[in-house]
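Trainee: I would like a close look at one part of this model. Please pick a strand, go through its pairing, and then move on to the sheet and the aromatic side chains.

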Amino acid sequence: SLIGWQDGRIRALDPDAEDDDDAAIDSFVFVGPLQAKDGAERIMLDELQCTLGSASSAVAYDVYRGDSADEARASASFWNGTWSTAGRNLSERRRASGEAIYIRLRNNTLAQAWQLEKLRARFFQLGYVRQRSIVT
């Protein structure tokens, strides 16, 4: 298909294009929310590990946390990093806790497309914290 544009140029749609008129295509996906079974208890994300495809470019990741899925999705990134090796990358062993956690995977470079083969997240459910009082 051809499309006439406001700048007078005629463009063709190409679903396999790796750029948009020499500008990087910002591609990302949110994984989650990761939540406890009943939704009332907090979880602790303990480890992330990613396996990228053999022809993949680097993938940046961000971890978001909050007291609800909406709050986690709207929050600022709690921590982030980049996986840059094709195949299995080293585990990321930083922790994040909340009632909901999202992981965003992203690539916005003009390099080749990114390929995700596997994302492994290890997390566990935290019990309720009891408040203790001091008797004097």
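Mentor: Take threonine 51 in β6: its bridge partner is lysine 118, in β12. That is part of a longer pairing, as 9 bridges join β6 (residues 43–52) to β12 (residues 116–125), with the two strands antiparallel. Strands here are DSSP runs of E, at least two residues long, numbered from the N terminus. Two of them pair if DSSP finds at least two bridges between them. Strands of a sheet pair through backbone hydrogen bonds, either parallel or antiparallel.

This is a predicted model, so local features need pLDDT of at least 70 and side-chain atom pairs count only at pLDDT 80 or more, while totals for chains, interfaces and linings use all residues. Residues are numbered from 1 along each chain as its sequence is written, and side-chain values use heavy atoms, leaving out hydrogens and water.

β6 has further partners. It is joined to β10 (residues 96–98) by 3 bridges, again antiparallel. There, leucine 45 stands opposite alanine 96. With β9 (residues 87–88) β6 shares 2 bridges, also antiparallel. Leucine 52 has glycine 87 of β9 as its bridge partner. The strand is mostly covered: 10 of its 10 residues are buried, where buried means under 20% relative accessible area, exposed over 50%, and partly exposed in between (1.4 Å probe, protein chains only).

Now the open sheet. It has 4 strands in the order β5-β11-β7-β8, with antiparallel pairing. β5 (27–35) and β8 (79–83) are the edge strands, each pairing on one side only. Neighbouring strands are turned by 20° against each other on average, direction ignored. Between β7 and β8 there are 5 bridges. One of the facing pairs is valine 63 and tryptophan 79 of β8.

Arginine 104 sits in this sheet's β11 (residues 100–107). It counts as buried because its relative accessibility is 17%. Its side chain makes a polar contact with that of tyrosine 64, at 3.5 Å. Such a contact is a pair of N or O atoms within 3.5 Å; within protein, one must be able to donate a hydrogen and the other to accept it, and residues adjacent in sequence count only if both atoms are side-chain atoms. Beyond four places in sequence, the residues in contact with arginine 104 (heavy atoms within 4.5 Å) include Phe28, Phe30, Tyr61 and Tyr64.

Aromatic rings come next. Rings of Phe, Tyr and Trp (its six-membered ring) pair if their centres lie within 6.5 Å; planes under 30 degrees apart count as stacked, over 60 as edge-to-face and the rest as tilted. The count comes to 5 aromatic pairs. Phenylalanine 28 and phenylalanine 30 are edge-to-face, because their centres are 6.0 Å apart and their planes are at 90°. Both are partly exposed: phenylalanine 28 at 45%, phenylalanine 30 at 21%. Tyrosine 61 and tryptophan 83 are stacked, with centres 3.9 Å apart and planes at 25°. Tyrosine 61 is in β7 and tryptophan 83 in β8, so this pair ties together parts 22 residues apart in sequence. Tyrosine 61 is buried at 2%, and tryptophan 83 is buried at 3%. Phe28, Phe30, Tyr64 and Tyr102 form one aromatic cluster.

Last, confidence. pLDDT is the predictor's confidence in each residue, from 0 to 100. The chain's mean is 81, and 78% of its residues reach 70 or more. Among its elements, β7 (residues 59–66) has the highest mean, 92, and β4 (residues 23–24) the lowest, 65.

Methods. Axes fitted to C-alpha atoms, helices over the stretch in contact; angles between N-to-C directions.
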